[in-house]
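Here are some short exercises to help you find your way around a new structure. Try each task on your own before reading its solution.

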Amino acid sequence: MTVPTTQTNGASAPTAAAVHAAGVGKIFPGTGGEVTALASVDLDVAAGEFVSLIGPSGCGKSTLLRLIADLDRPTSGDLSLFGKPAPKARTDQDYGIAFQQAGLLPWRTVAANIALPLELHGSSRAERAARVGELVDLVGLGEFQDRYPDQLSGGMQQRVAIARALASRPRLLLMDEPFGALDEMTREYLQSELTRIAGETGAAVVFVTHSIPEAVFLSDRVVVMSPRPGRITDVIATGFTAARDEQLREAPEYFDRVTAVREALHGRRLERADER
Ligand SMILES: Nc1ncnc2c1ncn2[C@@H]1O[C@H](COP(=O)(O)OP(=O)(O)OP(=O)(O)O)[C@@H](O)[C@H]1O
Ligand SMILES: [Mg+2]
């Protein structure tokens with residue numbers, strides 16, 4: 001029999017990091033030789049924290065997100081979510097995912113698309129209806145829940161995808177360029193919506209983007225990655241404590257952080273040019 005002697009034991013204590021990656025590497029086999037997509041990535045994302053991953057195309061952002069989501073396995077290193085191995089976090093529905101394409105089922109209504117994870121989880125019809133009602137309100141689609149995806153704009157489809165990702169009340173959202181295909185105005189609107197939703201739900205977010213202003217506006221920390229093999233080269237804390245609103249987009253500290261992230265990205269690019 002084991003006798004607990006401290007209050008701090010328990011790998012899945014509420015204080016466990018939403019994501020803990022230590023020395024994570026990923027090598028893909030290939031006909032032309034192996035591709036080292038990620039090399040020795042160390043990253044901790046706190047519960048409730050918003051972290052963006054930014055870096056040149058092919059630097060391993062999606063690969064890292066897919067490893068966290070247990071859609072692929074690391075070649076080396078340790079990876080845990082809320083103190084659990086990634087496969088356990090997956091079966092516990094600890095995270096929701098949203099990608100660049102909304103990926104909605106065209107034959108299902110908005111409400112039925114959002115309810116899908118709840119059906120897979122075995123929720124009752126009444127529970128599903130109540131939760132879907134909350135979620136369509138959260139993403140501002142109350143009047144559209146009986147529509148089909150092809151009757152919605154791209155921005156509305158992404159909002160459905162976000163609602164679906166939130167359906168099982170995950171403590172973590174994993175998002176891979178979710179606004180990449182949208183026009184600038186819709187994109188800024190959904191960025192504001194996402195920060196509101198993340199604040200209201202208390203979910204941590206790992207968000208992949210190519211947009212420096214988007215990363216800065218959304219994030220508590222911006223993680224800058226280098227190309228091949230992908231690794232983390234800089235982590236820039238934005239230090240924004242107040243709510244993200246439209247005033248922030250015009251604030252001097254916002255431009256300061258945009259410049260800092262841009263310089264971090266460009267520094268790497270210049271080094272690469274020197275290497276050639
Ligand atoms: N399944 C796979 N098999 C082989 N190589 C892969 C596989 N997935 C990714 N790669 C390689 O790993 C590297 C990282 O790819 P990844 O998709 O993670 O980049 P990314 O940073 O998300 O790029 P982008 O910004 O263009 O989306 C690339 O060189 C890519 O070719
Ligand atoms: Mg990608």
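## Exercise 1: Two helices side by side

Helix H3 (residues 110–120) and helix H5 (residues 154–166) pack with their axes 7 Å apart, at an angle of about 30°. Keep in mind that this is a predicted model.

**Task.** Decide whether H3 and H5 are roughly parallel or oblique to each other, and find which residues make the contact.

**Solution.**
1. Start from the angle, which is about 30°.
2. Angles under 35 degrees count as roughly parallel.
3. H3 and H5 are therefore roughly parallel to each other.
4. As for handedness, H3 and H5 make a right-handed crossing.
5. On the H3 side, the contact is made by Val-110, Asn-113, Ile-114, Leu-116 and Pro-117, and H5 brings in Val-160, Ala-163 and Arg-164.
6. Sorted by class, the residues of this contact of H3 with H5 are six nonpolar, one polar and one charged.

## Exercise 2: A second partner for H3

**Task.** Work out how H3 is oriented to helix H4 (residues 125–138), and list the residues that meet.

**Solution.**
1. The axes of H3 and H4 come within 9 Å and cross at roughly 125°.
2. Angles over 145 degrees would count as roughly antiparallel, and 65 to 115 as roughly perpendicular.
3. The crossing angle is in neither range, so H3 and H4 are oblique to each other.
4. H3 passes H4 in a right-handed crossing.
5. From H3, the residues Val-110, Ala-111, Ile-114, Ala-115, Leu-118 and Glu-119 meet Glu-127, Arg-128, Arg-131, Val-132, Leu-135 and Val-136 of H4.
6. By class, the contact of H3 with H4 holds eight nonpolar, no polar and four charged residues.

## Exercise 3: Around the ligand

**Task.** Find which residues are around ligand 1, and which element gives the most to the shell.

**Solution.**
1. Begin with the residues around ligand 1: Phe-28, Gly-30, Val-35, Ala-37, Ser-57, Gly-58, Cys-59, Gly-60, Lys-61, Ser-62 and Thr-63.
2. Next, look at the elements: strand S2 (35–45) and helix H1 (61–68) each supply at least two residues of the shell.
3. H1 gives the most, with three residues.
4. By class, the shell around ligand 1 has four nonpolar, six polar and one charged residues.

## Exercise 4: The annotated region

**Task.** Say which residues the UniProt domain annotation covers, and how much of that region is helix and strand.

**Solution.**
1. In an unreviewed UniProt entry, the annotation "domain: ABC transporter" covers residues 19–252.
2. Over residues 19–252 the chain is 33% helix and 26% strand.
3. The end C-alpha atoms of this stretch are 31 Å apart.

Definitions and conventions. Residues are numbered from 1 along each chain as its sequence is written. Chains are lettered from A and ligands numbered from 1 in the order in which they are written. This is a predicted model: local features need pLDDT of at least 70, side-chain atom pairs count only at pLDDT 80 or more; totals for chains, interfaces and linings use all residues. A residue is near a molecule or strand if its C-beta atom, placed from the backbone, lies within 6 Å of it. Helices (H or I, at least four residues) and strands (E, at least two) are DSSP runs, numbered from the N terminus. Ala, Val, Leu, Ile, Met, Phe, Trp, Tyr, Cys and Pro count as nonpolar, Asp, Glu, Lys and Arg as charged, and the others, Gly among them, as polar. Axes are lines fitted to C-alpha atoms, for helices over the stretch in contact, and angles run from 0 to 180 degrees between N-to-C directions. A crossing is left-handed if the near helix is turned anticlockwise from the far one by less than a right angle, and right-handed if clockwise. Two residues are in contact if their C-beta atoms, placed from the backbone, lie within 7 Å. UniProt positions are given in the numbering used here, feature names are shortened, and annotations may be inferred rather than shown by experiment.
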